[in-house]
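Please open the model in your viewer and keep the sequence panel beside it, since each stop on this tour begins with a selection to make.

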Amino acid sequence: MRFLNRIVTTGLLIGAGTLAIAGNDDLEYARALAREGHTELAQEWCGRMRRDPKTAAEDRVGVRLVEADILARAAGAQESAAEARKRLDEAVAALEAFLAEAPGHRLAAEAKLQCGMLRRQQGELIAYQAAAEADAAAREVLRGEGREAYGRAERVLSGVAGEMAAAREAWVRKTDGRKPTEKERAEEEAILSVHLEADLQGARSIHGRARLLDGPPREKTLREALDAFMEFELSWGDTPVLHEASLTWALVYGDLGMAREGLSRFDHAISLRESFRQPNGKFAFGAWEHEIVLRGYGGKAQALNEAKDFAGALAAVDEMLAVDPAAASDRNGFLALLQKCDALAGLGRGADAAALAQQLAKAAPSPALAALASRRLAGAVPAGATAEMLALVAEQQLAAGQWETGLKTLRRAVARAGDDRLAAELWWKLGRAYEVHAERLFDAATVYERLALDFPAHDRAPEAAFMAARAWNRIAAQAGVERGWEKDQVERNLTLLARTWPKNPFAKDAQYLVAEALYERGRVLEAAKEFAQVAPEAGLYEQAQVAAGQAYFQAAAAAWGKGDRGEATRALFGRAEESFRKYLAIAQAGPAANPRTQELRPSVSASCGQVLAALLMHESNPRPAEALAAAGNLDATAPDADTRRRVASIKVRALLALGQHAGAAATADSMMEKFPDAPAALDACRFVASACDAAAEEIAGPAPVRGRIPAQAAQLWSEAARFYHLWASRAAESGDISAADMLRVSDRVFALGLLVNGLEEGLPANDSKPSDPSFFAHAADLYGTLSEGRPGPAPNGTRVHVPLAWSEAHGGDWEAARDALERLVQAERIAGPGGRDFNPSLVATKPWVFSAFEDLGHVYLHLAESGTLRDSSYDAAYAIFAGVVVNAPKDTAGWWRTKAGVLRVLFERGKPGDFEAASLGMSDLRSNYPDFDGGRFGMKAGLESLERRIREKEPK
């Protein structure tokens, strides 16, 4: 299912207008492409903007907004909550990077708003994961994460609302009662739109956080949400958005046990329909209004069902159908109709509920919704369910991996089949279920035989006889039986096939079974020759050509791997390719004469394309361009997931071989979305990371200058860092990377961040902000994983907390940097709470720990100067600097840095006596060191500046 009801990308939210009334420039065009779902074109356009030297600086940084839009849209399309959450995290990171780099950008307000909205949706996803989590401890951890996500959303959205209120006041002062210009009206509309949305999303965030609380805090927070919605109505009046707000407002009432008030809010949402009533009594909705009305009906029906008012729920859904007879084709209308199933079941009308669920399962607008309807059907099947109903339930159970239950249900369906045609179809499904789902060949063979013997007039009968023979043949091959009862069964079914349906193509497939038996026994080269001998009139002739190619390729690759690389082995590769090309020529010549052969062509063609592409990438004669042509778009269209995964993996290697790093990266990203747990997806990320890294090194040269990296190399290194992070973080989860390799990857990503951003190792100096902080976000995550002991103890022990803190600080999260260094302080027993009880022995025994403790002082100083827990942060910084300065060797770099830190704290903190101590300390330092550090440690200029500030403040 898709987890986000409303992923809103920047610009969709407030129409075409922005706070700066942006024109139709390149950036706006790229954003429009992203919002319309043309993500590849949007990415291509962003690449052009980055490469074009004429691109304005603010548009170049604005590319991050487009990337956030793409990630947000990708989150809304995920079928997995974990994947959707990952995409949202990446989208938020992109927005925050944009805001950190360009806080005054013309689109900053929109970016902040979207950041708040996506954080709220992070909370929604985490809440969903928590509800699905069986382990109580893990569930509570998730609930805490969800509360934090909602809380962050509230803070961001509240800040946006405050900014917009100030912007509106400034607008009023600017227009000063005169008639505003058209541009000024557009500015006001944009301000009000952002303000309104921030208020609405803030109220929804409070409600989301309340649902993750228990006891009195839950009720208190629900009351806060209720107040927020009431304030929203007072502030904005009865705007159309209030109808949308009512959908969540109703849930707040419901959570407070105020059912009547909740229903009234659902009715208010539904009442939006009246604005769209036509003279003929019908309704003509816009898409947004249509969604609100249908969600209102669905919410009302669900609330009535929960209150056991099943008749009322039934009436609500029927009213919806009167308003929109085609509501079932819309996701929200479909969900409302599922409530009708529940209402019918609640009224004791199980047969009607099952019939409606069956109808919905067949007509669902998406596979996920079909699965929901099938589950309703499984729960509502009455004692006298029809065979068709049972077959649908069985399909749902088999798709969910419930093999035994699904097979039992399917056998019940077979027993209730009322006519031969339906019975034969169900026997066929049962045979396929035994063979494919349960891998029970003996049962599959007997079921196929039953179909062939009992329903000879059915279209499937001849194929069933062949499938029975094939199953017995495989059983014999797996058992290593050359003769015996199993082989007798093969002959019996082939005889039945030849005698009863002599003209059927499957009657000509005995040769195929001979080849398949050889293949099953591992006699691959013999099998290849037998597959190649299958007659053109056989039903599996086309499959035989592909099977021959696969067998020849397998035999050739095995010989090559053993070192046999002569002409005979190369000839086998040639025979394999010849077989594949032969099949492709047949398939491209036109439709197959045999309907069943035509029906199987998609899967056979996909298999052929995948293995041919693999052959064309084999080291014996790699031809990446031809491999790409053979793979085509099978990574998106192949009928089965395994083929799609294999094709995508081959395409990554082929694209990298051709130097097409962007295409390889996009394919690897797609693999991680679709096959996140597949080892091949991790391998693809590793390949892309290494290739991008190597290509960037080649472009940048052997001695690249920090901060002066060619743009193309910087972009490649950015991709390398991203894919190193993707690979290593996922591999750590699955245990497929050692701690030593994890550390090497973390160090490489951090080093690339310093190189591209022109920074030195250590904490950022002078509040410097990297131009591309994504490197440090990746490095922080990797170091953080290591610090938690995954995938094993960090090779350098607690030292990993130091680069973790540096990465967090370079990424702008100084609080996380503080936390990392505090964990180091605790682990190494450097000092007690707040820097007290400093352990001076570490100066000599562990100088790196001593240096890290000094770093912690500077982190606290930065936090204090930025206003984060100002007084306590200044106190902690002072305790650390004072502890270090008396223990560090005098006139060393550490001594000078901490001495300056002590003086800065005394000057800035503002406690009684601080200024006097700062003035006296500075005088004493100047007296003892007239030239300060003489520029040796880079402290002279900063100390001179601090001295001037102190002297300016002294009484004259």
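Select Glu 289 and display its surroundings: setting aside residues up to four places away in sequence, Glu 289 touches Leu 272 and Phe 276. Glu 289 sits in helix α11, which covers residues 287-306, and in this predicted model Glu 289 is buried, with a relative accessible area of 18%, under the 20% cut-off.

Next, select Val 323, which belongs to helix α12 (residues 310-323). Which residues is Val 323 in contact with, leaving aside its neighbours within four places in sequence? The contacts are Arg 273, Phe 283, Phe 285 and Tyr 297, and Val 323 itself is buried, its relative accessible area being 12%. If you then draw a distance from Val 323 to Ala 444, C-alpha to C-alpha, the two should read 49 Å apart in space, with their positions 121 residues apart in sequence.

For another pair, move to Gln 402, which is found in the loop between α16 (387-399) and α17 (403-416). Gln 402 counts as partly exposed, at 40% relative accessibility, and its C-alpha atom is 9.4 Å from that of His 437, although these residues are 35 apart in sequence.

Now zoom out to the whole protein chain, which has 42 helices and zero strands. Along the principal axes, the C-alpha atoms fill a box of roughly 120 × 80 × 55 Å. Of the 956 residues in the chain, 52% are buried, and among contacts between residues at least 6 apart in sequence, 61% join residues at least 24 apart.

With that overview in place, colour helix α7 (residues 182-210) and helix α9 (residues 240-255), whose axes come within 10 Å and cross at roughly 15 degrees. Because that angle is under 35 degrees, α7 counts as roughly parallel to α9, and the crossing in which α7 passes α9 is left-handed. To see the contact itself, show the side chains of Leu 196, Leu 200, Arg 204 and His 207 in α7, which meet Val 241, Glu 244, Ala 245, Thr 248, Leu 251, Val 252 and Asp 255 in α9. The residues of this contact divide into six nonpolar, two polar and three charged.

Further along the sequence, select the peptide bond that joins Arg 790 and Pro 791, which is cis, with omega at about 5 degrees. Pro 791 lies in the loop between α34 (774-787) and α35 (801-810).

Continue to helix α36 (residues 814-828), where the end C-alpha atoms are 21 Å apart; this agrees with the expected span, because 15 residues at 1.5 Å a residue should span 21 Å. The buried residues of α36 are Trp 814, Ala 816, Ala 817, Arg 818, Ala 820, Leu 821, Leu 824, Val 825 and Glu 828. Just after α36, check the backbone of Arg 829, which takes a positive phi of about 55 degrees.

Two further residues with positive phi make the last stops. Asp 891, in the loop between α39 (870-885) and α40 (893-909), has phi near 60 degrees, a positive value in a residue other than glycine; at 26% relative accessibility, Asp 891 counts as partly exposed. Phe 932, found in the loop between α41 (914-928) and α42 (940-953), has a phi near 50 degrees. Is Phe 932 buried or exposed? Phe 932 is buried, with a relative accessible area of 4%.

Methods:
Residues are numbered from 1 along each chain as its sequence is written. This is a predicted model: local features need pLDDT of at least 70, side-chain atom pairs count only at pLDDT 80 or more; totals for chains, interfaces and linings use all residues. Side-chain values use heavy atoms; hydrogens and water are left out. Helices (H or I, at least four residues) and strands (E, at least two) are DSSP runs, numbered from the N terminus. The expected span of a helix is 1.5 Å times one less than its number of residues. Buried means under 20% relative accessible area, exposed over 50%, partly exposed in between (1.4 Å probe, protein chains only). Axes are lines fitted to C-alpha atoms, for helices over the stretch in contact, and angles run from 0 to 180 degrees between N-to-C directions. Angles under 35 degrees count as roughly parallel, over 145 as roughly antiparallel, 65 to 115 as roughly perpendicular and the rest as oblique. A crossing is left-handed if the near helix is turned anticlockwise from the far one by less than a right angle, and right-handed if clockwise. Contact means heavy atoms within 4.5 Å. Ala, Val, Leu, Ile, Met, Phe, Trp, Tyr, Cys and Pro count as nonpolar, Asp, Glu, Lys and Arg as charged, and the others, Gly among them, as polar.
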